[in-house]
Every structure is written in C-alpha cells, then in structure tokens.
Amino acid sequence: MLSRLIPFAFVAFIVAAVVVLVVNFDNLSRPKLEITVSSEDEPSGGANAVSQTREFELVTVLAFDTIRSIDEPIIYEREKANTVYLDEELILGLEIDGEARAYSVPLLSGREIVNDTLAGIPIAITW
Amino acid sequence: MSGKLINNALVMYDRETRSLWSQFLSIGVQGEFEGVRLETLPVVLTTWGEWTEQYPETTALMKPNSSLWDPYLGYYGDNSQPGIIGEKVKDERFARKELVLGLGFDDGPKAFPHSELRSKRVVNDEVAGEKALIIFREDSATAIAFNRTLDGRDLTFDLIELDEREWLRDRETDTLWIPFTGLAVDGPLAGSVLDRMHGANVFWFAWTDFYPETEVFGVS
C-alpha cells in the first residue's frame, strides 16, 4: 500500500517546488537597487549635506533598444514646422541661450529619447 | 532606452558605459555612473500654439506628417491602468491619472494637482525651503515653477491683464514679468530673470509611488 503513495508524494513535491519557484521568480528578475540621493550639490559632505538611501526595484520589461532613440535628429525651421505641427499639439519646449526648440510629444511617445544638440550643448530629451 | 523601469518610469542607458540612469530621479543607478546626477534643463510641457507665441523663431523636431497619433492616447485618461507594472502605493485623494506638477523631489516633495492650480492660476508658495512661484495655463495644461527669491528678496506675484496680454506683477516693486519665461520687462526689476525650479508634470499615481509621504498643495 505504501508503494502506491510514493508517486503521489513525488508529484506533490514537484508541485510544491514549482509553486515556490513561480512565486519567487518575480523577485529573481527584479533586483533591488540602493540609490543614494543627496540634497543638492554638497560633494564634499558640507555641514548642510543631507543624503538618504532609498531602495527601488529595477523591472525589466523589454530588451535594450527595443525602442530605438532618435539620434542626429532632423530639425525644421519654424515655417516648415508649421506644416506638420498643430496648435493644440503637445510639445516639450526648451530654450537655451536664445535658441528655442520644440519636440512633438506624440512623436516622442514612440521613440522615448532624442539625442540632440542645442546651442552647442548635447542634450537628451526624454519622454 | 534600456527596457527597464523604476516605478514605471524610464530607465535609460548610455552607450559609452552601459550605465543605467533613472529619468525620474535624474541620477545614474547602476554601473560606472552610479550616483552621478544628471543636469536637468528647464523644459516646458505645453502646446505648439503656446510655445510659438513665446518663441516665434523656434525650430522643431522633424515630423513625417501632421498626425497626432500617440501610442499612449488611450492610456493618458485611463484610471484603471497605473503603468505597466502597476502602482505600489494607493492614495485615493486624487484619481490615478490626475496630472500634478511635482516639485522638491528628494529635498522635500510637494505635488501641485492641476485641479488645484486651475482655479488659482498663480500660486505663491514654498517648496523644500525655497519660495516657489507656480503659474498655470488651463487651455494647454502648462504648469511651470520658478524660484521667487531674487537677490535675497522674496517676491509675491499676481496675474494681471494689460494690453490684452497676461503679465505677472510683483507686489514688492510693481515690475511686470512674462509668465512663461520669468523675464522682467518693465519696472524697477526689468531685465531680471527668475530661475526655473526643477519640476515634472506627472500622473498622481506615479508621484506617490516615488514619494508616498508627499506634501500636497491645497490639501492639509
């Protein structure tokens, strides 16, 4: 009679092992990062420096570069831009040293990052 | 993009070192640049119409056509979808997708819900120990914050209409300022510029995931 119970025990063990693995797999693929954020720029740890370390989960949902950034973007002058930008269109706007540039939000939604240069400064527009 | 998220927010990587960076926190989080701060620039989230009124000579990123199609169109207003990985903190004082102007961040987080800004339109407040000026434009949902201490003096602002345009006017000197840019154009302080305060217009659920203990403007 005992010999009949062994296969059941074996299966129960396998099921239990699978359940434990599945429940913990999520944790295995979500490493915790400790990020120390300091209150403004006090690199030498001046009297007023306040820093706190917080823990965040890093979650992977896609592979690197699944969404490819825009590099070396083509830039339109105002007149040309008016033919494709609508008044009600959401944009991210940036002005540096008198140079102003707009980045279409609908377009950014599909590309996430634009690596650009404005007024000689390398910038990354991120959405 | 790295394909990774922290609290549903973008994690970038740099091609030079493959370090990972948190967009929301503006800091390197893994690799050679861990702990390194990114310098943020005073971007404005607004409409093309609003932007070109301020900057008629603006350039713009190329678009292939005038389509406004956005893969997130359905997502923006859907309160049942708090990001790809869901929310960690439930705070039901506001709807998940309520937009808030988040200021202060790790120095002392304070959220300014657009629903609170809508009626006020200009707010003189304090965030993380600094005097803050917030202006709001309803039609474009533009919310911008400035530091309203200039050369050691705290200024208090009102919105006024003059010559069919809107201006900020400070009570201390009656100087007129352009709301969008913080530039003083008429009066004793003409030529001065207010510093922008680092902020982000984000969903309420996203802000409370980073800062569950956040202060909230208009809510005691």
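Guide: Two strands count as paired if DSSP finds at least two bridges between them. With that settled, note that this is a predicted model. In chain A, β8(A) and β9(A) form a hairpin with two residues between them.

Visitor: Which residue in the turn has a positive phi?

Guide: A:A119, with a phi of about 50 degrees.

Visitor: And how many bridges join β8(A) to β9(A)?

Guide: Six, and the two strands run antiparallel. One of the pairs matches A:V114 with A:I125 in β9(A).

Visitor: What is the strand order in the open sheet with β8?

Guide: The order is β4-β8-β9, all in chain A, and the pairing is mixed. β4 (70-71) and β9 (121-126) stand at the edges with a single partner strand each, so one side of each has no neighbour in the sheet.

Visitor: Do β4(A) and β8 run parallel or antiparallel, and what is the bridge count?

Guide: They run parallel, joined by two bridges, with β8 covering residues 113-118. A:I70 has A:V114 as its bridge partner, and A:D71 has A:N115. A:V114 is thus bridged to A:I70 in β4(A) and to A:I125 in β9(A).

Visitor: Switching to the other open sheet, the one with five strands: what is its order?

Guide: β3(A)-β1(B)-β2(B)-β3(B)-β4(B), with antiparallel pairing. The edge strands are β3 (59-60) of chain A and β4 (27-30) of chain B, each paired on one side only.

Visitor: How many bridges between β3 of chain B and β4(B)?

Guide: Three, in the antiparallel sense, where β3 of chain B is residues 20-22. Within that pair, B:L20 stands opposite B:Q30.

Visitor: Which strand of chain B do two bridges join to β7 of chain A?

Guide: Strand β6 of chain B (residues 59-61), which runs parallel to β7 of chain A (residues 99-104). There, A:A102 has B:A60 as its bridge partner.

Visitor: OK, the interface. How much do chain A and chain B bury between them?

Guide: About 5,600 Å², 61% of it on carbon and sulfur atoms. In chain A, the residues losing the most area to chain B are A:L58, A:F64 and A:R78, together 12% of what that side buries.

Visitor: How many residues from each chain does the contact take?

Guide: Chain A gives 67 residues and chain B gives 56.

Visitor: And how many residue pairs are in polar contact between chain A and chain B?

Guide: 31, counting pairs with both residues at pLDDT 80 or more. On the side of chain A that touches chain B, the largest share comes from strand β6 (residues 90-96), with seven residues. That side of chain A divides into 36 nonpolar, 15 polar and 16 charged residues.

Visitor: How many salt bridges across the interface?

Guide: Three between chain A and chain B. One of the salt bridges in the model brings together the side chains of B:K63 and A:E89, at 2.8 Å from N to O. Over all chains the count comes to 20.

Visitor: Where do B:K63 and A:E89 lie?

Guide: B:K63 is in the loop between β6 and α2 (73-76) of chain B, and A:E89 is in the loop between α2 (78-81) and β6 of chain A, so the pair joins two chains.

Visitor: Last topic, confidence. What are the ipTM and pTM scores?

Guide: ipTM is 0.94 and pTM is 0.88. Chain B averages a pLDDT of 95, and 100% of its residues score at least 70.

Visitor: What does chain A average?

Guide: Chain A averages a pLDDT of 85, with 83% of its residues at 70 or above. Over residues 41-47 of chain A the pLDDT is below 50, and beyond near neighbours in sequence this stretch has one contact in the model. Where pLDDT is low, the predicted coordinates should not be read in detail.

Conventions
Residues are numbered from 1 along each chain as its sequence is written. Chains are lettered from A and ligands numbered from 1 in the order in which they are written. Side-chain values use heavy atoms; hydrogens and water are left out. pLDDT is the predictor's confidence in each residue, from 0 to 100. Helices (H or I, at least four residues) and strands (E, at least two) are DSSP runs, numbered from the N terminus. Contact means heavy atoms within 4.5 Å. Buried area is the accessible area (1.4 Å probe) that two parts lose on being put together, summed over both. A salt bridge is a side-chain nitrogen of Lys or Arg within 4 Å of a carboxyl oxygen of Asp or Glu. A polar contact is a pair of N or O atoms within 3.5 Å; within protein, one must be able to donate a hydrogen and the other to accept it, and residues adjacent in sequence count only if both atoms are side-chain atoms. Ala, Val, Leu, Ile, Met, Phe, Trp, Tyr, Cys and Pro count as nonpolar, Asp, Glu, Lys and Arg as charged, and the others, Gly among them, as polar.
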